[in-house]
Amino acid sequence: MVEMLVTGDQVVVRLAWWEKAAARRGDVRVPLAAVCRVTVEPDWWRALRGVHERGICMAGTLSIGARCHQAGKDFAAVGRDRPAVCVELRPPAPFRLLAVSARDDEEAAATARAIARAAPNIDTSTPCRQPLPVSGESEWAVAAERGMGQITLGTNSGR
């Protein structure tokens with residue numbers, strides 16, 4: 001079974017042989033310095049973002065492998081009816097999020113605490129995961145800051 005642990009100055013997602021075959025990759029290693037937030041998601045499917053890119057994804061059952069979205073890539077090894085430990089990462093880490101299922105709520109909380117304690121630059125401003133940026137959202141903010149006129153979402157130009 002997959003496990004997430006701190007080894008030296010890295011967070012390691014250790015995969016069993018069949019999980020490595022399913023994910024089409026070996027163990028995942030990221031530096032602790034890249035960890036910005038650690039949370040526990042009680043509903044495993046809420047940890048999944050973007051679309052399945054590599055590995056195995058069986059709808060409603062499990063997802064093991066890379067997932068792609070507008071902000072980059074995530075690595076997920078999650079299964080039904082298990083909580084997921086979610087580790088948000090800063091660039092230049094290869095992934096934006098690591099999501100790994102734990103056996104139960106207690107194991108998930110203990111894993112999250114261990115990673116949060118070991119990471120040097122944890123963001124504790126919110127206990128929640130941050131949403132993905134919306135495509136085009138930053139362009140709107142820049143236009144508004146520069147006073148580039150009124151921005152409208154839709155018009156009835158048929159008048």
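# Briefing: a predicted chain with two sheets

Read along the sequence, the elements of the protein chain come in the pattern β-β-α-β-β-β-β-β-β-β-α-α. That makes 3 helices and 9 strands. The model is predicted. Of the 159 residues in the protein chain, 38% count as buried. Its strands are arranged in an open sheet of 3 strands and an open sheet of 6 strands.

**The chain as a whole**

- The protein chain exposes about 9400 Å², and carbon and sulfur atoms supply 52% of that area.
- Take the contacts in the protein chain between residues at least 6 apart in sequence: 52% of them join residues at least 24 apart.

**The sheet of 3 strands**

- The strand order in this open sheet is E1-E2-E3, and the pairing is antiparallel.
- Strand E1 (3–7) and strand E3 (28–31) are the edge strands, and each of them pairs on one side only.
- From one strand to the next, the twist averages 20°.
- E1 and strand E2 (residues 10–14) run antiparallel and are joined by 5 bridges.
- Two of the bridge pairs between these strands can be named: Glu-3 has Arg-14 of E2 as its bridge partner, and Thr-7 has Gln-10 of E2.
- E1 and E2 form a hairpin, with 2 residues between the two strands.
- Gly-8 sits in the turn of this hairpin and has a positive phi of about 65°.
- On to the next pair: E2 and E3 also run antiparallel, with 4 bridges joining them.
- Gln-10 has Pro-31 as its bridge partner in E3, in addition to its pairing with Thr-7.
- In a regular strand, side chains alternate between the two faces of the sheet.

**The sheet of 6 strands**

- This open sheet has the order E4-E8-E9-E7-E6-E5, and its pairing is mixed.
- Strand E4 (35–41) and strand E5 (51–58) stand at the edges with a single partner strand each, so one side of each is left without a neighbour in the sheet.
- Neighbouring strands here are turned by 10° against each other on average, with direction ignored.
- Strand E7 (residues 72–79) and strand E9 (residues 97–101) run parallel, and 4 bridges join them.
- Within that pairing, Leu-98 in E9 is the bridge partner of Phe-75.

**Helix H2 and the sheets**

- Helix H2 (residues 105–118) touches E1 and E2 where it packs on the sheet of 3 strands.
- The direction of H2 makes about 25° with that of E1.
- H2 also lies across E4 and strand E8 (84–89), and it runs at about 170° to E4.

**Asn-121, in a loop**

- Asn-121 is found in the loop between H2 and helix H3 (137–145).
- Its relative accessible area is 41%, so Asn-121 is partly exposed; the exposed class begins over 50%.
- Leaving aside neighbours within four places in sequence, Asn-121 is in contact with Ala-33, Val-35, Cys-36 and Arg-90.
- Asn-121 and Leu-32 are 89 residues apart along the chain, and their C-alpha atoms are separated by 8.4 Å.

**Glu-41, in an edge strand**

- Glu-41 belongs to strand E4, which is one of the edge strands of its sheet.
- Is Glu-41 buried or exposed? Glu-41 is buried because its relative accessible area is 16%, and buried means under 20%.
- Not counting residues up to four places away in sequence, Glu-41 touches Arg-46, Ala-47, Pro-83, Ala-84, Cys-86 and Arg-129.

**Cysteines**

- A disulfide is a covalent bond between the sulfur atoms of two cysteines.
- How many disulfides does the count come to? With a disulfide taken as a pair of cysteine sulfur atoms within 2.5 Å, the count comes to 0 disulfides.
- Cys-36 is buried, with a relative accessible area of 14%. Cys-36 is also one of the residues in contact with Asn-121.
- Cys-68 counts as partly exposed, at 29% relative accessibility.
- Cys-86 is among the residues that Glu-41 touches.

Key:
Residues numbered from 1 in each chain as written. Predicted model: local features only at pLDDT ≥ 70, side-chain atom pairs only at ≥ 80, totals over all residues. Heavy atoms only, no water. Buried < 20%, exposed > 50% of the residue type's maximum accessible area, 1.4 Å probe, protein only. Contact = heavy atoms within 4.5 Å. Areas by Shrake-Rupley, 256 points an atom, 1.4 Å probe, with all protein chains shown as cover. Pairing = 2+ DSSP bridges. Axes fitted to C-alpha atoms, helices over the stretch in contact; angles between N-to-C directions.
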